[in-house]
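Student: I'd like a close look at one part of this protein, the metal site and what sits around it. Could you walk me through it and then work outwards?

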Amino acid sequence: MFKGKKHFNKNTKLKLLVYAIVIGMFWIKMSYIQSGIFDLGVENTNQALILAFNPLSSILLIFGLGILLAGRKGMLVSYILGSLIMYANILFYREYSDFITIPMLEQVANLAGMGSSITNIMSPTDALLFIDVVIAAFLLFYLKPERLQLFLPKRREGLILAIIAIPFFIVNLAWAETERTDLLERTFDRNKLVKFIGLINYHVYDAVLQGRTEMQRTLADSNELVPVINYLNETSTPSSDKYESIIEGKNVIAISLESTQEFVVGKELHGQELTPYFNDLKEEGIYFDNFYHQVKQGRTSDSEFLLANSMYPLNRGAVFFTHSSNEYEAMPEVLGNNGYSTSIMHANDKTFWNRNVMYDSLGIDEYYSKQDYKVTEENSYGWGLLDENFFAQSLDKMKKLEEPFYTRMITLTNHYPFTLPEDKKLIEEGNTSSATLNRYFQTIRYQDHALKQFVEAFKQSELYDNTILMIYGDHFGISENHQKAMGEYLGKDINEFEQFQLQQVPLLFYGKGIEPQENHTVGGQVDLRPTLMNMLGIEGNNPIQFGHDLLSEERRQLMITRDGDFASEKYVGIQGECYDRQTGEKIDSELCEPLFKQAKEELTMSDSVIYGDLLRYLDETKVVEPIDEQQKQKQKQEE
Ligand code: GP9
Ligand code: MN
């Protein structure tokens with residue numbers, strides 16, 4: 001008996017040793033690949049530690065499942081499959097600086113056609129990445145036969161490993177959240193996902209996303225588009241006759257100003273204007289001072305979605321990630337069909353917000369990303385290329401674009417944490433109780449300076465005669481966590497109503513032929529597309545748009561936020577409470593009820609289109625045309 005126990009101990013020890021070696025080897029390899037081969041931009045020790053820790057839960061999971069399904073053989077299969085998945089990603093990364101996603105696998109034929117051939121990407125030294133596979137196979141299968149039985153993994157052990165993976169993953173996620181809150185909900189950037197949860201967990205996550213998307217899409221059918229079309233027919237308002245085609249055939253440069261809120265416009269700090277250039281520029285164009293952002297977790301990308309589609313982004317996650325393979329009939333595509341060349345200019349990694357994938361779905365011809373800019377240590381700071389340099393290099397690119405063009409620039413410097421090199425600080429920091437807000441004033445001031453250089457250079461260029469600018473803020477920069485400091489600066493108490501009003505962002509149309517005007521209409525980013533398209537005199541045949549022409553006299557003065565709150569001509573509705581829009585005073589909540597209802601209905605309609613990928617049914621549903629007024633009259637007379 002004593003002997004038996006000793007024997008058991010020996011068995012257990014050996015088994016644990018083999019487990020430890022196999023798991024250890026895989027862990028080391030995965031860590032090496034994640035930190036040595038991929039360039040994940042580890043910024044601090046905490047991130048480096050997360051990166052070193054994150055393989056563990058996925059290793060436990062895949063080995064656990066392998067053993068559970070097929071014992072020792074299963075463990076080896078997991079080892080081989082795991083290694084192959086990592087290697088496939090290495091090859092993909094070498095070509096695209098990105099990670100494989102399921103929708104990308106579906107486009108594999110396209111990818112193969114575009115990239116270099118696979119043998120060019122492979123290198124003979126890659127074989128070294130498989131040495132451990134041989135060792136694992138040897139350890140698991142070729143040790144002396146009498147010892148072999150000592151470490152036969154039991155299925156039960158597989159189950160235990162797979163279950164232990166869960167708390168390890170939870171720890172991983174909680175740790176990652178110290179660096180990036182709502183990591184999974186915001187489905188930020190694949191680079192960040194891999195950095196924080198590891199390559200294999202990232203694939204599990206991607207598969208879950210895909211499953212969810214496919215399910216909603218599969219269950220949808222073309223009938224679901226009918227209530228949406230009916231709703232839009234009922235709520236539609238005519239576009240402006242006066243502004244129709246006023247910029248027909250012209251080039252359009254849209255400028256998305258990072259984190260720029262309306263409250264800075266016309267404001268001062270230490271007796272100096274925060275946006276001196278923009279303050280003058282807005283006097284020369286059509287300026288909207290009741291215009292709101294409507295983004296949610298997808299931030300900049302949500303604003304891009306609103307502009308391109310005139311549909312609402314999603315309440316959870318970034319639609320740029322979750323529904324990038326949907327069918328859209330986006331503005332760039334429509335412009336493209338009308339002879340325009342379309343492009344985006346943004347000096348960040350092309351994979352950020354999944355832009356490289358989504359821009360294809362939106363029909364954008366060309367995406368000039370970081371790799372197309374000269375980015376050096378001297379000309380960048382914080383998030384990357386400083387706005388001045390970004391604007392200058394972008395203007396050079398624009399001069400070479402095929403006309404007419406629609407291009408959109410996305411600035412970067414005025415992004416949290418709002419830091420600047422010393423020589424770019426054109427104003428003293430603020431002196432509120434929030435260091436973030438204090439620095440924000442400086443980056444806003446710098447952005448205005450960069451904008452000035454761009455617009456002035458643009459005015460000197462040949463483009464000026466035939467190009468209009470549409471300048472707008474993408475979303476807030478100062479969150480509600482800084483309400484107190486905001487109150488100190490603005491000299492008023494920031495309550496719910498004021499916080500809501502702070503979600504206004506600037507919007508300006510500027511260029512030759514545009515008559516100056518200060519416009520007080522209540523609107524949001526969802527309205528940009530119909531406004532611009534009417535000015536261009538282009539009518540797409542996509543009736544699924546939730547926005548209303550901002551320049552129409554008869555427009556519906558209603559701006560709905562992603563939370564189901566709203567601003568109308570008279571009221572502001574926030575979380576069931578009703579406010580007078582002029583005075584900010586709380587009023588009888590019943591007054592807001594119908595509009596809350598409409599807000600909810602509209603968001604539900606928009607979501608159904610995205611979740612069900614309903615635009616793919618657009619052609620077959622076109623038969624459901626509205627009965628126009630004349631016909632209605634005729635019917636009445638006949639009755
Ligand atoms: C990154 C830039 C900023 O490319 O658009 O994104 P944000 O964090 O503002 O959504
Ligand atoms: Mn942004």
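How far does a polar side-chain atom of Thr300 lie from an oxygen atom of ligand 1?

Tutor: Keep in mind that this is a predicted model. The polar side-chain atom of Thr300 lies 2.6 Å from an oxygen atom of ligand 1. Thr300 has a second role too, since its OG1 is a donor to the manganese ion (ligand 2). So let's take the metal and ligand 1 together.

The protein donors of the manganese ion are two OE atoms of Glu258, OG1 of Thr300, an OD atom of Asp474 and NE2 of His475, at 2.1 to 2.4 Å from the ion. Read along the chain, the donors follow the spacing E-x41-T-x173-D-H. That pattern pulls together distant parts of the chain: Glu258 and His475 are 217 residues apart. Glu258 sits in the loop between strand 1 (251-257) and strand 2 (268-269), while His475 belongs to the loop between strand 11 (467-473) and helix 21 (483-490). Glu258 and His475 are both buried.

What about the geometry? For six octahedral donors the ideal angles are 90 or 180 degrees. Here the six donor atoms around the manganese ion subtend angles of 56 to 169°, and therefore the arrangement is irregular.

Now for ligand 1. Its surroundings consist of Glu258, Arg299, Thr300, His346, Asn348, Phe352, Trp353, Arg355, Trp383, Leu412, His415 and His475. You'll recognise Glu258, Thr300 and His475 from the list of metal donors. Besides the Thr300 pair, an N or O atom in the side chain of Asn348 is 2.7 Å from an oxygen atom of ligand 1. The side chain of Arg355 likewise places an N or O atom 2.7 Å from an oxygen atom of ligand 1.

Some backbone details are worth a look here. Most residues other than glycine have a negative phi, and most peptide bonds are trans. Asn354 has a phi near 60°, a positive value in a residue that isn't glycine. You'll find Asn354 in the loop between strand 6 (341-345) and helix 18 (355-361). Asn354 has a relative accessible area of 2%, so it counts as buried.

The cis peptide bonds come next. One of them runs from Glu403 to Pro404, with omega near -5°. Pro404 is in the loop between helix 19 (387-399) and strand 10 (405-410). Another cis bond joins Tyr416 and Pro417, where omega is about 10°. Pro417 lies in the loop between strand 10 and helix 20 (435-460). His415, one of the residues around ligand 1, comes up in the numbering just before that Tyr416–Pro417 bond.

Further along the chain there's His548, in the loop between helix 23 (528-536) and strand 15 (558-560). His548 has 7% relative accessibility, so it counts as buried. Its side chain makes a polar contact of 2.9 Å with the side chain of Thr237, and another, of 3.4 Å, joins the side chains of His548 and Arg556.

Helix 24 (residues 593-611) makes a neat check on helix length. At 1.5 Å a residue its 19 residues should span 27 Å, and the end C-alpha atoms are indeed 27 Å apart, so the two agree. Its buried residues are Leu595, Phe596, Gln598, Ala599, Glu602, Leu603, Met605, Ser606, Asp607, Val609 and Ile610. As background for reading that list, an α-helix has 3.6 residues a turn, so residues three or four places apart point the same way. After helix 24 comes Asp613, which isn't a glycine yet has a positive phi of about 50°. Asp613 lies in the loop between helix 24 and helix 25 (618-621), and its relative accessible area of 1% means that it is buried.

Finally, the N-terminal stretch. The unreviewed UniProt entry places the feature "transmembrane region" at residues 12-28, 48-69, 76-94, 127-145 and 157-176. In the model, residues 12-28 are 100% helix and 0% strand, with the end C-alpha atoms 24 Å apart. Residues 157-176 are also 100% helix and 0% strand, and there the end C-alpha atoms lie 28 Å apart. Arg180 is in the loop between helix 9 (155-177) and helix 10 (183-186). With a relative accessible area of 16%, Arg180 is buried. Arg180 and Phe196 are 16 residues apart in sequence, and their C-alpha atoms are 8.7 Å apart in space.

Key:
Residues are numbered from 1 along each chain as its sequence is written. Chains are lettered from A and ligands numbered from 1 in the order in which they are written. This is a predicted model: local features need pLDDT of at least 70, side-chain atom pairs count only at pLDDT 80 or more; totals for chains, interfaces and linings use all residues. Side-chain values use heavy atoms; hydrogens and water are left out. Donors are N, O and S atoms within 2.8 Å of the metal (3.2 Å for Na, K and Ca); water is not among the atoms, so sites may look incomplete. Four donors count as tetrahedral if all angles lie between 85 and 135 degrees; four count as square planar and six as octahedral if opposite donors are over 155 degrees apart and all others between 65 and 115; anything else is irregular. Helices (H or I, at least four residues) and strands (E, at least two) are DSSP runs, numbered from the N terminus. Buried means under 20% relative accessible area, exposed over 50%, partly exposed in between (1.4 Å probe, protein chains only). The expected span of a helix is 1.5 Å times one less than its number of residues. UniProt positions are given in the numbering used here, feature names are shortened, and annotations may be inferred rather than shown by experiment. A residue is near a molecule or strand if one of its heavy atoms lies within 4 Å of it. A polar contact is a pair of N or O atoms within 3.5 Å; within protein, one must be able to donate a hydrogen and the other to accept it, and residues adjacent in sequence count only if both atoms are side-chain atoms.
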